[in-house]
Amino acid sequence: MFDFIWQPIIVTVAILLCSLATYLLLLSSHRTTKAQPTPEKMKNYACGEEIKPEEAHADSAQFFSAVRRVLSPFYRHIQAAHTGEVNTYLLWIVAGLVVILIIILLTVW
Amino acid sequence: MIPHAPILVIVLPLFTAFVMPLIGIIAERYHIKYLRELIAIGVMIVVLILAGTIAQEVWNGEVIVYELGGWSPPWGIVLAIDALSTQMALMIAGLGTLVMIYSASYMSRDSGLSYFYTLMLLVISGMMGIVLTGDFFNFYVFLEIMSISSYALVSFRRDALSIEAGIKYLIIGSLGTSFVLLSVVMLYGVVGTLNIADLGAKLATYGGTNVPSVLVLSLALFVTGVMIKVAMVPFHTWLPDAFTAAPTAISALLAGPAAVVGIYWVARLPYLPFGMPVGLILVSLGLISMVVGVLMALMQRDFKRMLAYHVISQKGYMVLGIGLGTLGATLGTQGGLFHLLNHSTYKALLFMCAGAVLYQTKSQKFDELGGLGKNMPITALTFLIGALAISGIPPLNGFVSKYIIYLAGFQAGMPWITAIAVVVSGLTLASFMKAFSSVFLGQRPQHLQGTREAPKPMLFSMIVMALICVAIGLLPALGFNIIGPAAEAAKNTSSYISHVLGGT
């Protein structure tokens with residue numbers, strides 16, 4: 001019944017072939033240049049301080065920070081609304097019940 | 001079918017739950033290691049076999065009616081099992097077995113395990129009762145058995161966070177079950193019966209319109225109660241805290257098998273017992289939950305909390321699909337139910353992977369983890385499979401069900417819904433890229449240098465789940481063989497009613 005919608009084996013083979021072709025293309029265009037770093041270049045710096053590589057870690061809050069900036073009005077309201085207070089959450093539920101009741105009334109009557 | 005299989009799948013875990021403290025005493029007295037765990041796993045395997053024997057009979061279009069105490073319907077309580085109930089029962093038993101195997105290792109450092117397995121088996125028994133019963137009040141009783149055991153399990157470790165999450169879940173969850181009870185009371189007051197088939201037959205006389213106001217209120221209360229259990233926005237607030245604070249084995253149980261129960265009633269709701277139009281509510285709540293869930297997940301810095309918000313988002317897909325099914329898109333219900341099957345698998349897998357990381361590193365904060373792919377390669381690989389599956393990347397199982405929901409959007413004449421669903425999938429992928437990168441790639445902190453791979457029983461469950469994700473993705477017929485009859489059964493109210501009330 002769903003054969004016309006989705007042919008997983010064919011698509012999987014196609015994905016694997018495309019991946020292989022991409023990889024081969026990447027390999028064929030690869031130019032190897034021997035790195036000659038100076039000891040100074042191999043050092044990690046954070047605010048002028050030298051740190052070990054295993055101590056360096058990207059801040060997860062910085063991931064998709066652009067999304068946060070673009071959607072800042074949404075996040076400002078939605079995060080502020082998640083107060084953690086049960087009273088507030090119970091109010092949301094009662095408000096939701098009222099909205100559902102109104103929609104059903106409008107649909108049924 | 002094995003004789004009495006319908007009742008055995010409920011009472012076997014129920015009775016084992018009550019003897020579990022005794023088994024615990026015997027295990028400690030005679031120093032028998034893993035006795036509780038082996039018995040719990042054994043019971044789940046028996047329940048899975050029993051559910052399998054029921055399925056063979058039901059997939060031919062039959063509805064099994066099991067009368068309790070010899071009282072015929074609508075006077076007595078009956079178990080009424082159609083293909084939809086069977087899909088749910090198989091999922092609860094199958095995923096429950098894997099979660100139980102995972103728990104044997106994951107909970108090994110905890111004390112009070114007799115109570116833990118007692119509560120786990122009570123949750124399983126309650127879930128089985130909810131999906132198999134043909135009686136509305138009986139449904140409420142099983143809902144309470146499941147819910148109260150879940151509240152206790154969330155607070156199992158009794159630290160400040162888990163107690164707070166447990167109390168929050170208790171208060172909000174109790175409001176939900178109270179709404180359901182009120183709804184049952186109102187229905188009984190107006191219609192005078194509690195048998196779901198009998199209720200369906202009598203409510204059908206209203207033809208879905210011009211119904212008494214009490215029934216409208218009853219439906220609104222029931223929908224709200226179910227939506228609290230399903231955790232649709234704005235009824236979702238218990239879920240992130242509960243899933244974050246609970247032991248990860250419990251998070252996997254609540255994200256996998258327990259999700260089944262709520263969606264089961266969402267799938268029944270438009271057809272039985274009320275038979276009133278709720279498609280618009282389901283589509284609206286589904287869409288809002290999908291979008292809010294994924295945007296909140298994108299900004300989380302805690303591994304399990306991020307997964308918890310994805311539970312809300314993915315359940316939004318299911319509710320949306322089922323809602324579209326009631327608005328003329330025949331693919332909608334199939335997509336919603338198929339997504340339930342897939343989601344329960346990969347979400348339980350993702351929580352198990354998060355649990356494996358937490359078990360070995362004692363941390364679930366992205367900023368405290370990193371570079372674990374080398375130390376925990378199997379966990380990393382299974383997490384990657386789960387992450388790609390939840391993001392709807394072909395050829396994994398998540399893609400198939402999401403694709404059907406996308407098509408349902410077109411079929412319902414609302415392509416903008418499909419557009420939103422595709423964007424949410426993209427954001428889901430972005431969120432999991434962050435998680436995979438933060439936990440398994442990059443620099444490994446000094447204190448995690450000696451981290452080892454998760455214990456074998458945990459890996460076993462994770463590998464089986466990952467294989468299911470790949471297998472259903474490559475061979476979707478495996479899933480359609482279960483989903484097709486289930487979606488038909490959800491809509492075929494006349495067959496359900498005639499089988500139950502006709503006693504055939």
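Helices and strands here are DSSP runs, with at least four residues for a helix and at least two for a strand. With that settled, here are the legends; the model in every view is a predicted one.

**View 1. A span of chain B that carries a UniProt domain name.**
Zoom in on residues 78-117 of chain B, which UniProt lists, in an unreviewed entry, as "domain: NADH-Ubiquinone oxidoreductase (complex I) chain 5 N-terminal". The span is 72% helix and 10% strand. Go from one end of it to the other and the C-alpha atoms lie 28 Å apart.

**View 2. Chain A, helices plus a pair of strands.**
Chain A has four helices and two strands, and from the N terminus on they come in the order α-β-β-α-α-α. Its radius of gyration is 27 Å, well over the 13 Å that the globule rule gives for 109 residues, so chain A is more spread out than a compact globule. The C-alpha atoms fill a box of roughly 75 × 55 × 25 Å along the principal axes. Just 17% of the 109 residues count as buried. The chain exposes about 8400 Å², and carbon and sulfur atoms supply 67% of that. As for charge, there are 8 positive and 8 negative ones, and their mean positions sit 11 Å apart.

**View 3. The two stretches of chain A listed as transmembrane.**
An unreviewed UniProt entry gives "transmembrane region" for residues 6-26 and 89-108 of chain A. In the model, residues 6-26 are 90% helix and 0% strand, with the end C-alpha atoms 30 Å apart. Residues 89-108 come out as 100% helix and 0% strand, and there the end C-alpha atoms are 28 Å apart.

**View 4. Chain B as a whole.**
Pull back and you'll find 20 helices and two strands in chain B. The radius of gyration is 22 Å, close to the 23 Å that the globule rule gives for 504 residues, so chain B is as compact as a globular protein of that length. Its C-alpha trace spans about 70 × 60 × 40 Å along the principal axes. Of the 504 residues, 66% count as buried.

**View 5. Around the loop between H15 and H16 of chain B.**
B:Ser391 lies in the loop between helix H15 (377-390) and helix H16 (397-411). Its relative accessibility is 3%, and the cut-off for buried is under 20%, so B:Ser391 counts as buried. The side chain of B:Ser391 reaches back to the backbone oxygen of B:Ala387, at 2.7 Å. B:Pro395 is also placed in the loop between H15 and H16. The peptide bond from B:Pro394 to B:Pro395 is cis, with omega near 5°.

**View 6. A threonine in helix H14 of chain B.**
B:Thr361 belongs to helix H14, which covers residues 330-361. With 11% relative accessibility, B:Thr361 counts as buried. Look for its side chain reaching the backbone oxygen of B:Val357 at 2.7 Å.

**View 7. A valine in helix H6 of chain B.**
B:Val180 is found in helix H6, residues 160-191. It has 1% relative accessibility and counts as buried. Measuring tape out: B:Val180 and B:Ala490 are 310 residues apart in sequence and 20 Å apart in space, C-alpha to C-alpha.

**View 8. An arginine in the loop between H17 and H18 of chain B.**
B:Arg444 lies in the loop between helix H17 (415-440) and helix H18 (456-474). Its side chain and that of B:Asn375 are joined by a polar contact of 2.3 Å. B:Leu369 is 75 residues away from B:Arg444 in sequence, yet the C-alpha atoms of the pair are 7.1 Å apart.

**View 9. Backbone oddities in two loops of chain B.**
Most residues other than glycine have a negative phi, and most peptide bonds are trans. B:Pro73 and B:Pro74 are joined by a cis peptide bond, with omega about 10°. B:Pro74 sits in the loop between strand S1 (64-67) and strand S2 (78-81). Now move to the loop between helix H1 (5-29) and helix H2 (35-58), home of B:His31. B:His31 is not a glycine, but has a positive phi of about 50°. This histidine is exposed, at 70% relative accessible area. B:Tyr34 is in the loop between H1 and H2 too, and its phi is positive as well, near 65°. B:Tyr34 is partly exposed, with a relative accessible area of 37%.

Key
Residues numbered from 1 in each chain as written. Chains lettered and ligands numbered in written order. Predicted model: local features only at pLDDT ≥ 70, side-chain atom pairs only at ≥ 80, totals over all residues. Heavy atoms only, no water. Rg over C-alpha atoms; globule rule 2.2 N^0.38 Å. Buried < 20%, exposed > 50% of the residue type's maximum accessible area, 1.4 Å probe, protein only. Areas by Shrake-Rupley, 256 points an atom, 1.4 Å probe, with all protein chains shown as cover. Lys, Arg positive; Asp, Glu negative; His and termini not counted. Charge placed at Lys NZ, Arg CZ, Asp CG, Glu CD. UniProt positions renumbered as here; feature names shortened; annotations may be inferred. Polar contact = N/O pair within 3.5 Å; in protein donor to acceptor, adjacent residues only side chain to side chain.
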